[in-house]
Amino acid sequence: STLMRSSAASDVYKRQAVNSVYKEVKKMFQTAVPPYVATVNDDYHYEVWAIKKQAGESQVSEELLGYVAKHEDSVTVGFNNKLGEKIRKEAFSSLLLAKMNIHGRIRIHRMTHQLHIDLQNAIDNLMRYYTEMNWI
């Protein structure tokens with residue numbers, strides 16, 4: 001039936017849209033160079049951590065920079081949720097803050113131009129923040 005066909009086509013379209021959002025956000029996180037480390041890297045999940053090694057200490061601290069995870073119908077972008085209100089306001093646009101849940105996660109069904117810009121800025125801001133905190 002035509003209905004079945006259009007539903008299947010819309011599923012394929014949705015999957016392609018989700019794939020493209022996933023790849024787009026993954027590429028943003030891939031701009032993070034060492035000492036940022038991708039701890040998970042596959043077709044469904046990409047995660048980046050900031051690594052801090054104290055001088056003369058064997059202890060290494062790790063702090064989540066962010067991750068992107070692909071689902072059936074959407075993509076989740078997550079950030080460190082222990083940043084505190086002040087840093088969050090500096091790092092994230094009001095659009096991102098409005099979309100973000102209390103766990104620092106944003107669910108994306110479709111990428112918009114503004115969302116793309118804001119996510120890229122957030123990742124850049126967080127990298128700058130970790131650098132200033134002498135994480136690097």
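These are my notebook entries on a predicted model of a protein chain.

**Overall layout**

I started with the chain as a whole. I counted four helices and five strands. Reading from the N terminus, I wrote the order down as α-β-β-β-β-α-α-β-α. The chain has 136 residues, and 36% of them are buried. For the accessible surface I noted about 8300 Å², with carbon and sulfur atoms holding 53% of that. I then looked at how far contacts reach along the sequence. Taking contacts between residues at least 6 apart, I found that 53% join residues at least 24 apart.

**The nonpolar core**

Next I went to the largest nonpolar core, which has 32 residues. Which members touch the most others? I listed Phe29, Leu65, Val77, Phe79, Phe92 and Leu119. Then I checked which elements give two or more residues to this core. On the helix side I have H1 (2–29), H2 (85–91) and H4 (113–132). On the strand side I have E2 (45–53), E3 (60–70), E4 (75–79) and E5 (105–108). H4 supplies the largest share, seven residues.

I picked Leu65 for a closer look and left out residues up to four places away in sequence. Its contacts include Phe29 and Phe79, both of which are also on my list of core members with the most partners. Leu65 also touches Ala32, Tyr36, Val48, Trp49, Ala50, Gly78 and Asn80. Leu126, Met127 and Tyr130 complete the set for Leu65.

**Leu96 in H3**

I turned to helix H3, residues 94–99, where Leu96 sits. Is Leu96 buried or exposed? Its relative accessible area is 0%, so I put Leu96 down as buried. Leaving aside neighbours within four places in sequence, I found Leu96 in contact with Ile106, Leu115, Asp118, Leu119 and Ala122. I took the spacing to one of these: Leu96 and Asp118 are 22 residues apart in sequence, and their C-alpha atoms are 7.1 Å apart.

**Strands E3, E4 and E5**

I followed the pairing from E3 onward. E3 and E4 run antiparallel and are joined by five bridges. They make a hairpin, with four residues between the strands. As one example of a bridge, I noted Val68 with Val77 in E4. E4 also pairs with E5, again in the antiparallel sense, over four bridges. There I noted Thr76, whose bridge partner in E5 is Arg107.

I then checked where the E5 side chains point. In a regular strand the side chains alternate between the two faces of the sheet. E5 shows this alternation: Ile106 and Ile108 point to one face and are buried. Arg105 and Arg107 point to the other face and are not buried.

**Salt bridges**

I searched the whole structure and got four salt bridges. What does Arg107 pair with? Its partner is Asp73, with the closest N and O atoms 3.6 Å apart. Arg107 is in strand E5 and Asp73 is in the loop between E3 and E4, so this pair ties together parts that are 34 residues apart in sequence. I looked up Asp73 on its own too: at 33% relative accessibility, Asp73 counts as partly exposed.

In helix H2 I found Glu85, Arg88 and Lys89 linked in a network of salt bridges. The Arg88–Glu85 pair has its closest N and O atoms 4.0 Å apart. These two residues are three apart in H2, about one turn of the helix. The Glu85–Lys89 pair has its closest N and O atoms 3.3 Å apart. Glu85 and Lys89 are four residues apart in H2, also about one turn of the helix.

How exposed are the three residues? I took them in turn. Arg88 has 15% relative accessibility, so it counts as buried. Glu85 is at 48%, so I noted it as partly exposed. Lys89 is at 56%, so it goes down as exposed. I marked these cut-offs beside the entry: buried is under 20% and exposed is over 50%.

Conventions. Residues numbered from 1 in each chain as written. Predicted model: local features only at pLDDT ≥ 70, side-chain atom pairs only at ≥ 80, totals over all residues. Heavy atoms only, no water. Core = buried A, V, L, I, M, F, W, Y, C linked by side-chain atoms within 4.5 Å. Buried < 20%, exposed > 50% of the residue type's maximum accessible area, 1.4 Å probe, protein only. Contact = heavy atoms within 4.5 Å. Pairing = 2+ DSSP bridges. Salt bridge = Lys/Arg side-chain N within 4 Å of Asp/Glu carboxyl O. Areas by Shrake-Rupley, 256 points an atom, 1.4 Å probe, with all protein chains shown as cover.
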